[in-house]
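Let's take a walk through this protein chain together. Have the sequence and the 3D view open, and follow along as we go.

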Amino acid sequence: MSSQKLRVVLLHNIINPHVNPVLARLAQMPGIDLRVIFFSESEADRRWTVKHDLGFAYTIPRGWKFSLGGSDYATYHINPSVPRDLWRDPPDVVVSAGWDSFAAESAYFVCRMRRVPFVIWSGSTINEPSLQRTLTLPLVKTIVRGSAAGIAYGTR
């Protein structure tokens with residue numbers, strides 16, 4: 001068995017105190033080299049203090065976010081360096097917490113072209129009614145069907 005660590009890039013929308021302990025635990029696992037890319041530090045409607053000593057390697061690349069309808073559910077993150085960096089230095093696997101950002105969508109296509117497994121980690125379902133889901137349904141279906149695996153949470 002190889003002593004080389006599995007290089008995992010995890011894409012996540014924001015620094016989240018509810019998820020950070022899970023990510024810190026993953027980063028401590030032997031055989032895993034975890035790097036998290038957050039698309040933004042926080043969202044306007046999140047009411048927690050953001051801590052930066054998280055216990056795992058992470059970056060927040062320069063980008064923009066567009067909020068539609070005033071809720072973070074409809075915030076669209078654009079971080080152009082994410083697909084470029086994944087193309088230049090592909091990890092062994094990419095795990096994406098969601099599908100609803102330029103970074104996640106473009107990462108999916110980079111992974112397909114570079115033959116890197118893409119794993120979707122999401123609590124959303126294909127049947128959630130919203131304008132955003134209606135407009136993106138073909139893309140969501142493509143990402144879900146083309147992912148190497150899926151991690152789901154929640155009861156739906």
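Is Ala152 buried or exposed? Ala152 is exposed, because its relative accessible area is 70%, and the cut-offs here are under 20% for buried, over 50% for exposed and partly exposed in between, using a 1.4 Å probe and protein chains only. You'll find Ala152 in strand E8, residues 149–152. Its C-alpha atom is 5.9 Å from that of Trp121, although the two residues are 31 apart in sequence.

Before going further, a word on what you are looking at: this is a predicted model, where local features need pLDDT of at least 70 and side-chain atom pairs count only at pLDDT 80 or more, while totals for chains, interfaces and linings use all residues. Residues are numbered from 1 along each chain as its sequence is written, and side-chain values use heavy atoms, with hydrogens and water left out.

Now for the overall plan. The chain has four helices and eight strands; these are DSSP runs, helices being H or I with at least four residues and strands E with at least two, numbered from the N terminus. Following the sequence, you meet them in the pattern β-α-β-β-β-β-α-β-α-β-α-β. The chain has 156 residues, and 40% of them count as buried. Take the contacts (heavy atoms within 4.5 Å) between residues at least 6 apart in sequence: 65% of them join residues at least 24 apart.

Let's head inside. In soluble globular proteins, nonpolar side chains tend to be buried together. A nonpolar core, as used here, is a set of buried Ala, Val, Leu, Ile, Met, Phe, Trp, Tyr and Cys residues joined through side-chain atoms within 4.5 Å. The largest one in this model has 18 residues, and those touching the most other members are Val9, Leu11, Val82, Leu86, Val94, Phe118 and Ile143. At least two residues each come from strand E1 (6–14), strand E2 (32–40), helix H2 (81–88), helix H3 (102–114), strand E7 (118–122) and helix H4 (131–146). H3 is the top contributor to this core, with five residues. A separate core of 16 residues lies apart from this one, and its members include Val36, Phe56, Val93 and Val119.

Leu11 is a good place to pause. It lies in strand E1 and counts as buried because its relative accessibility is 0%. If you skip residues up to four places away in sequence, Leu11 touches Ile37, Phe39, Val82, Val94, Val95, Ser96, Ala97, Ala103, Ala104 and Ala107. Its C-alpha atom is also 6.1 Å from that of Phe38, 27 residues away along the chain.

Leu23 is another one to look up, this time in helix H1, residues 20–28. Leu23 also counts as buried, because its relative accessibility is 0%. Leaving aside neighbours within four places in sequence, Leu23 is in contact with Leu10, Leu34, Val36, Phe38, Phe56 and Trp121. The C-alpha atoms of Leu23 and Phe56 are separated by 7.2 Å, with their positions 33 residues apart along the chain.Next, look at how two helices meet. H2 and H3 pack at an angle of about 20°, with their axes 8 Å apart; the axes are lines fitted to C-alpha atoms, for helices over the stretch in contact, and angles run from 0 to 180 degrees between N-to-C directions. H2 and H3 are therefore roughly parallel to each other, since angles under 35 degrees count as roughly parallel, over 145 as roughly antiparallel, 65 to 115 as roughly perpendicular and the rest as oblique. On the H2 side, the contact is made by Val82, Pro83, Leu86 and Trp87, and on the H3 side by Phe102, Ala103, Ser106, Ala107, Val110, Met113 and Arg114. In H2, the residues Ser81, Val82, Pro83 and Leu86 are buried. The buried residues of H2 pack against E1, E2, strand E6 (93–96) and H3.

Finally, two loops. Arg115 is found in the one between H3 and E7, and is exposed, because its relative accessible area is 76%. Most residues other than glycine have a negative phi. Arg115 is not a glycine, yet has a positive phi of about 60°. Gly63 is in the loop between strand E3 (57–59) and strand E4 (64–67), and counts as partly exposed because its relative accessibility is 33%. Beyond neighbours within four places in sequence, Gly63 is in contact with Ile78 and Asn79.
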